[in-house]
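Here is a quick tour for someone meeting this structure for the first time. Have a look at the sequence and the model, and then we'll walk through some of the parts.

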Amino acid sequence: MEQGKSVLAADCSHDDTAAPVRRRKLFYIPGYDPIHPRRYRELYRKEGAEQAAISGYEIALSARPNRQAAQPGVSGGGYGWQVDAVIDGHSTHTEVEVLVWSDIVRGSMTPSIAETYGQMLRTAWIYISTGTLRRLMWLRKGPVIAALYPVAVLLLQAILAAILALTIARIGPWGTAALGRLAAWIDVLVAGLFWTLGLAAAVMLMRWFRSMDGKIYAYYLMHDYAHSAALRGAYAPELEQRIAEFSAEVATALNDRDLDEVLVVGHSSGAHVGTSVLADVMRMGQAGRCVPLGFLSLGQVVPMVSFLPKAQRLRRDLQELSQRGDICWVDVTAPGDGCAFALCDPVAVSGVSTAKTRWPLVISAAFTQTLSPQRWATLRWRFFRLHFQYLCAFDQPGDYDYFQITAGPQTLAERYQHRNASGSRIDVTASKHTSVSD
């Protein structure tokens, strides 16, 4: 894979790209997350301070200057903060903007219990009937198991509720049999009463299971996969609209001559959203005009969408973005993250690589090496927490340091210009559906 570097247009008077980054604009795109984006500010504050203490640099967060009033999670709204860091003797100021789509996520999580089970059946049918599930299993078992987990848990919950209902319903006949022969209408009345009690108990149990989903994540994950598969890989109109808004914000930043880097970070499902955002920016002709542009995809699950038959838009975006010379795209995953397609080149496995493909640079965060044995033992079975480790501190950091990348004096391209792709990356076509045209 050819290593790409940021290219500046001839009419853009900008300092040499080797100069330290003094001002950066960071756009962070969360994954499928209904929670207010302040959680990412607090995560950055806590983990950044820990990483700074481990690695010996300074980092501090502050509130962003007042902007036009807007509500996070509403179209046109935003949320962010500022970061000031001193790393390797250089001072860098970063303005962080969370590109919010949590309102869309919340809207997709409203179905009732019965509707969620309907989602489960439809989603399973889409992944199985299109051959997508089988192809995904060729890549990594971890994320496929993660996809099957909510199905298994929801089925188990339904079975337990049915057992409870049947058990209570059987108490009626046993009770009347113990009392001796009664009038037939009394037997029917008692049986009906206990069936009603059994069904009511089953409903209460199902509602209790759902109330506990903050610890189990079965409903959450089911809604996640159902959202991705609802249109067989195509983006819903509301997400397309939000992508257009995000693209406009990134394009505006690229024309700010006071910036030394524009960096887009997409985590989990935010990685494929970010791919489409930046592909649209490229089509506007804005890339690289004034500012080096970087794209950092973390813990990506791109194949869950790009392998679906109607994902032509995403596959086209992957293909076009991978060929650009005016962007640096680094894809970071780790085999220890069971929720991501670790070291799977999202362009190659989706079947859209060409002779012109130069991105992404696929590297590993290598959790078993960058986390001490003690910390790895603590986190190893906390799968959801490990999926967020890319945004957290490492107590034995390697060349991947989220805070140096997002707040340090080097651009993404400069930091990884001499880095080779991971030798264990998977870069063979695995998708059955590879078309990039509608």
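## A serine tucked away

Let's start with Ser306, which is buried: its relative accessible area is 0%. This is a predicted model, so keep in mind that we are looking at a prediction throughout. Ser306 belongs to helix H11, which covers residues 303-306.

What does Ser306 touch, once residues up to four places away in sequence are set aside? The list is Ala311, Leu314, Arg315, Leu318, Ser350, Ser431 and His433. With Ser350 there is also a polar contact, side chain to side chain, at 2.7 Å.

## The helix next door in the list

Leu314, Arg315 and Leu318 from that list of contacts also turn up among the buried residues of helix H12. H12 takes in residues 312-322, and nine of its eleven residues are buried, so the rest of the structure largely encloses this helix. Besides those three, the buried set holds Gln312, Arg313, Asp317, Gln319, Leu321 and Ser322.

So what covers the buried residues of H12? The cover includes the helices H9, H10, H11 and H13 (346-349), along with strands S6 (293-298) and S7 (328-333).

## How sure is the prediction?

Across the protein chain the mean pLDDT is 87, and 87% of the residues reach 70 or more. Residues 1-17 are a weak spot, with pLDDT below 50, although this stretch has 47 contacts in the model beyond near neighbours in sequence. Residues 68-76 also have pLDDT below 50, and that stretch has 19 contacts beyond near neighbours in sequence. Where pLDDT is low, the predicted coordinates shouldn't be read in detail.

## The eight-stranded sheet

Now for the sheet. It is open, has eight strands with mixed pairing, and runs in the order S2-S3-S4-S1-S5-S6-S7-S8. At the edges sit S2 (58-63) and S8 (361-364), each pairing on one side only. Ignoring direction, neighbouring strands in this sheet are turned by 20° against each other on average.

Strand S1 (residues 23-29) makes a good place to zoom in. Six of its seven residues are buried, so S1 is largely enclosed by the rest of the structure. S1 pairs in parallel with S4 (residues 90-98) over six bridges, and six bridges also join S1 to S5 (residues 261-267), again running parallel.

You can follow the pairing residue by residue, too. Arg24 stands opposite Thr94 in S4, and Phe27 stands opposite Glu97 in S4. Turning to S5, Tyr28 has Val265 as its bridge partner.

## Helices lying across the strands

Two helices lie across parts of this sheet. H1 (residues 38-55) crosses S1, S2 and S3 (79-87), and runs at about 160° to S2. H9 (residues 237-253) lies across S1, S4 and S5, at about 170° to S1.

Then there is H10 (residues 269-283), which is mostly covered, with 14 of its 15 residues buried. Why does the length of H10 agree with what a helix should span? At 1.5 Å a residue, its 15 residues should span 21 Å, and the end C-alpha atoms are 22 Å apart, so the two values agree. After H10 comes Gly285, which has a positive phi, near 80°.

## A histidine in the sheet

His93 is found in strand S4. Its side chain makes a polar contact with the side chain of Asp84, at 2.9 Å. Leaving aside neighbours within four places in sequence, His93 is in contact with Arg22, Arg23, Arg24, Gln82, Val83 and Asp84.

How far is His93 from Val21? The two are 72 residues apart along the chain, yet their C-alpha atoms are separated by 8.4 Å.

## One more serine

We'll finish with Ser372, in the loop between helices H14 (367-370) and H15 (373-379). Is Ser372 buried or exposed? The relative accessible area of Ser372 is 9%, and buried means under 20%, so Ser372 counts as buried. Apart from neighbours within four places in sequence, Ser372 is in contact with Asp395 and Gln396.

Terms used: Residues numbered from 1 in each chain as written. Heavy atoms only, no water. Helix = DSSP H or I, 4+ residues; strand = E, 2+ residues; numbered from the N terminus. Buried < 20%, exposed > 50% of the residue type's maximum accessible area, 1.4 Å probe, protein only. Contact = heavy atoms within 4.5 Å. pLDDT = per-residue confidence, 0-100. Pairing = 2+ DSSP bridges. Expected span 1.5 Å × (residues − 1). Axes fitted to C-alpha atoms, helices over the stretch in contact; angles between N-to-C directions. Polar contact = N/O pair within 3.5 Å; in protein donor to acceptor, adjacent residues only side chain to side chain.
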